[in-house]
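I opened this entry to note what I looked up, step by step. The sequence and the structure come first.

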Amino acid sequence: QVQLVESGGGLVQAGGSLRLSCAASGRTFSSLAMGWFRQAPGKERENVAAISWSGARTNYADSVKGRFTISRDNAKNTAYLQMNSLKPEDTAVYYCAAAPKGVSTYGYWGQGTQVTVSS
């Protein structure tokens, strides 16, 4: 089992920045691929960023490329999502998720943290 706890959400003005954190426990963190997802009211869940277990590979949704950066600190069992140049359309509940090495789907999810960007 893996437990994931997000933090760092909040209210920010357009153009501002936030950093989300995802603290993991229950399994060797360095064996987990990590992803950040978001879901806005009335919209489907979107995978905004992903990072491999080693941190060597990252992927981003086109909607956040150049503005968001995913990273991880395996010594701290924590993944991060640095969000810059935030836009009102970034408003959503953000979730982190984990996939064990060798598993192609995310099987563990956090409870989510609200990000609200005001115009």
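What share of the contacts in the protein chain with a separation of 6 or more comes from residues 24 or more positions apart? I found 54%. I keep in mind that this is a predicted model.

**Entry 1: the whole chain**

I listed the secondary structure next. The protein chain has 11 strands and 0 helices. Read from the N terminus, the elements run β-β-β-β-β-β-β-β-β-β-β.

Then I checked the overall dimensions. Along the principal axes, the C-alpha atoms fill a box of roughly 40 × 25 × 25 Å. The radius of gyration is 13 Å, which agrees with the value near 14 Å for a compact globule of 119 residues.

I also looked up burial and surface. Of the 119 residues, 42% count as buried. The chain exposes about 6100 Å². Carbon and sulfur atoms supply 47% of that exposed area.

**Entry 2: one sheet**

I picked out an open sheet of 4 strands. Its order is E1-E3-E8-E7, and the pairing is antiparallel. The edge strands are E1, residues 3-7, and E7, residues 68-73. Each of these two pairs on one side only. Neighbouring strands of the sheet are turned by 15° against each other on average, with direction ignored.

I reminded myself of the general rule. Strands of a sheet pair through backbone hydrogen bonds, either parallel or antiparallel.

I then followed E1 to its partner. Strand E3 covers residues 18-25, and 5 bridges join E1 to E3. The two strands run antiparallel. I noted one bridge pair: Glu 6 has Cys 22 in E3 as its bridge partner.

**Entry 3: Asp 90**

Where does Asp 90 sit? I found Asp 90 in the loop between strand E8 (78-83) and strand E9 (92-100). E8 also belongs to the sheet of Entry 2.

Is Asp 90 buried or exposed? Its relative accessibility is 1%. The cut-off for buried is under 20%, so Asp 90 counts as buried.

I looked for a polar partner. The side chains of Asp 90 and Arg 38 are joined by a polar contact of 2.9 Å.

Last, I listed what surrounds Asp 90, leaving aside neighbours within four places in sequence. Asp 90 is in contact with Arg 38, Arg 67, Phe 68, Ser 85, Val 115 and Val 117. Of these, Phe 68 falls in edge strand E7 (68-73). My note on this residue reads: a loop position, buried, with a side-chain polar contact to Arg 38.

Terms used
Residues are numbered from 1 along each chain as its sequence is written. This is a predicted model: local features need pLDDT of at least 70, side-chain atom pairs count only at pLDDT 80 or more; totals for chains, interfaces and linings use all residues. Side-chain values use heavy atoms; hydrogens and water are left out. Two strands pair if DSSP finds at least two bridges between them. Axes are lines fitted to C-alpha atoms, for helices over the stretch in contact, and angles run from 0 to 180 degrees between N-to-C directions. The radius of gyration is taken over C-alpha atoms; the globule rule is 2.2 Å times the number of residues to the power 0.38. Buried means under 20% relative accessible area, exposed over 50%, partly exposed in between (1.4 Å probe, protein chains only). Contact means heavy atoms within 4.5 Å. Accessible areas come from the Shrake-Rupley method with a 1.4 Å probe; for residues, only the protein chains shown count as cover. A polar contact is a pair of N or O atoms within 3.5 Å; within protein, one must be able to donate a hydrogen and the other to accept it, and residues adjacent in sequence count only if both atoms are side-chain atoms.
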